[in-house]
Amino acid sequence: METSYPDESGGRGIEAPPAFPLAWNDETLDGILGEMAATKPCGSTGIVPLDEMLGGGLWPDVHVLAAEPGAGKTTLALQVADWTARHGSRKVVFASMEMSAAQVLAKSISRLASEQGREPLTARRVMRMRPEDMDAIGRAVGAYRAEIAPNIATVDRKMTVGELAELMDAMPATEPKPVLVVDYLQIMPAPEGDQKTDYQHHTSNMRGLCEIAKRNRTPVLVVSSKNRSGRDGRSLGSLSGSSDIEYGASVVMFLEVDGDSPSEREQNAALPKRPVTLHVRKNRFGAVGAVPLVFLAAEGRYIERVRG
C-alpha cells in the first residue's frame, strides 16, 4: 500500500519512495567473504619494494601516479603495464590520450633492447629504424611479440570516461577484466556538449574511473599531473584538477627527481642515470613510504636503487 504525506496545505502530499531492500550482515556475510577470497592483486608491478607496500602489486582499486611534466610518469606507467602483461594474471588496456600507438611501442622496444644488454636505443632512435639499429630492434620486437603483445592493447585516441566504461563492459565476463591504465587524467575529454568547469570535469572523470574499477573488479592505474604551485611538494593537495583525485583513489604515488633544492633537482634531472623516488603518500589498505629508483632516461626504464 502506498504511503503519502500531507503537504502544508493539508492536501495529498508526495508519495513515499519504496523501501530499500536492506539485508543485515548475517545474511550477506558469506557472500562478502566469497568476494574477499576472489579479490587478489593481479601480479607484481616489477618493483619489489613497491609490491611490498601495496601488498603484492596492483589490486582491484584506483591507483594514481602523479608527477610534474617531463618527470617520466608515462614511462613508469608503461613499464608497469608491460610487466603486468608479461607476468601478471590479467591482460592490460593502455589508454594513451596523448601519444600514438607507435610512440608507445617505441618506448617499450627501447626498454626491451636495453634489458637484452644491447646498446641503449632511445625511443626516438627506435622510431627512426635506421639499418644499423635493426638487429637490436628486431630482437626487442621479437620479445615484445611473444611475451607482451598477446596480453596488451593500446588505445591511442582520447576517450571519455563513458567510452572507457563501455569498452571495459564489453570485455568477456568469463575471464578477469583487464587492468586499465589511463595516460593521463587531465586531458581526458568531456562528453560532447558537456559544459562543466575543469574542476567538475576532472571530478566526474575520476568518479567514473573509480566506478570502472569497482564494477569490473579490476585495477585502474591513472597517470595524473600536479598543480604548478605544488611541483616541489608531495602533499595530496598538489594533485591537479579536483580533490576527488585524492579522495577517490586507494593509492596515490608521487614520482620526483631527488634533490634538496630546485637547482640540485634540475642538475639531477639532466643526468643519464637520474636518482628519483616514488613516494607512496596514500595507501588505503597498506603502508606508505619511499621507493628509491634510478631512471635510465636513454633506455626508457626504471630500476631499483640500493639505499646507501
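The exercises below work through helix packing, salt bridges and a covered strand in a predicted model.

The model is predicted, so that local features need pLDDT of at least 70 and side-chain atom pairs count only at pLDDT 80 or more, whereas totals for chains, interfaces and linings use all residues. Residues are numbered from 1 along each chain as its sequence is written, and side-chain values use heavy atoms, with hydrogens and water left out.

**Exercise 1. The chain as a whole**

Task: state how many helices and strands the protein chain has, and what share of its residues counts as buried.

Solution. The protein chain holds 10 helices and 9 strands, where helices (H or I, at least four residues) and strands (E, at least two) are DSSP runs numbered from the N terminus. Of its 308 residues, 44% count as buried; buried means under 20% relative accessible area, exposed means over 50%, and partly exposed lies in between, with a 1.4 Å probe and protein chains only. Among the contacts with a separation of 6 or more, 63% come from residues 24 or more positions apart, a contact being heavy atoms within 4.5 Å.

**Exercise 2. Two helix contacts of H4**

Task: describe how helix H4 packs against H3 and against H6, and compile the residue classes of each contact.

Solution. Begin with H3 (residues 73-87) and H4 (residues 101-115), which pack at an angle of about 70° with their axes 10 Å apart; axes are lines fitted to C-alpha atoms, for helices over the stretch in contact, and angles run from 0 to 180 degrees between N-to-C directions. H3 is therefore roughly perpendicular to H4, given that angles under 35 degrees count as roughly parallel, over 145 as roughly antiparallel, 65 to 115 as roughly perpendicular and the rest as oblique. On the H3 side the contact is made by Thr75, Leu78, Gln79, Asp82 and Arg86, and on the H4 side by Val104, Lys107, Ser108, Arg111, Leu112 and Glu115. These residues divide into 3 nonpolar, 3 polar and 5 charged, where Ala, Val, Leu, Ile, Met, Phe, Trp, Tyr, Cys and Pro count as nonpolar, Asp, Glu, Lys and Arg as charged, and the others, Gly among them, as polar.

Now take H6 (residues 134-147), whose axis comes within 9 Å of that of H4 and crosses it at roughly 105°, which means that H4 is roughly perpendicular to H6. Here H4 contributes Leu105, Ser108, Ile109, Leu112 and Ala113, while H6 contributes Ile137, Ala140, Val141 and Tyr144. By class, the contact of H4 with H6 has 8 nonpolar, 1 polar and no charged residues.

**Exercise 3. Salt bridges**

Task: locate the salt bridge of arginine 86 and that of arginine 305, and give the exposure of the partners.

Solution. The whole structure has 17 salt bridges, each a side-chain nitrogen of Lys or Arg within 4 Å of a carboxyl oxygen of Asp or Glu. In one of them arginine 86 pairs with glutamate 115, the closest N and O atoms being 3.4 Å apart. Because arginine 86 lies in helix H3 and glutamate 115 in helix H4, the pair ties together parts that are 29 residues apart in sequence. Both partners are partly exposed, arginine 86 at 26% relative accessibility and glutamate 115 at 40%. A network of salt bridges links Asp82, Arg86, Arg111, Glu115 and Glu147.

Arginine 305 forms a salt bridge with aspartate 258, with the closest N and O atoms 2.6 Å apart. Arginine 305 lies in the segment after strand S9 (301-304) and aspartate 258 in the loop between strand S6 (251-257) and helix H10 (262-269), so this pair ties together parts 47 residues apart in sequence. Arginine 305 is partly exposed at 27% relative accessibility, whereas aspartate 258 counts as buried at 19%.

**Exercise 4. Strand S2**

Task: decide whether the faces of strand S2 are covered or open, and name the strands with which S2 pairs.

Solution. In a regular strand the side chains alternate between the two faces of the sheet. In S2 (residues 92-96), 5 of its 5 residues are buried, and both faces are covered, with Val92, Phe94 and Ser96 on one side and Val93 and Ala95 on the other. S2 pairs in the parallel sense with S3 (residues 152-155) over 4 bridges, two strands being paired if DSSP finds at least two bridges between them; phenylalanine 94 stands opposite threonine 154 in S3. S2 also pairs in the parallel sense with S4 (residues 179-183) over 5 bridges, and valine 92 stands opposite valine 179 in S4.
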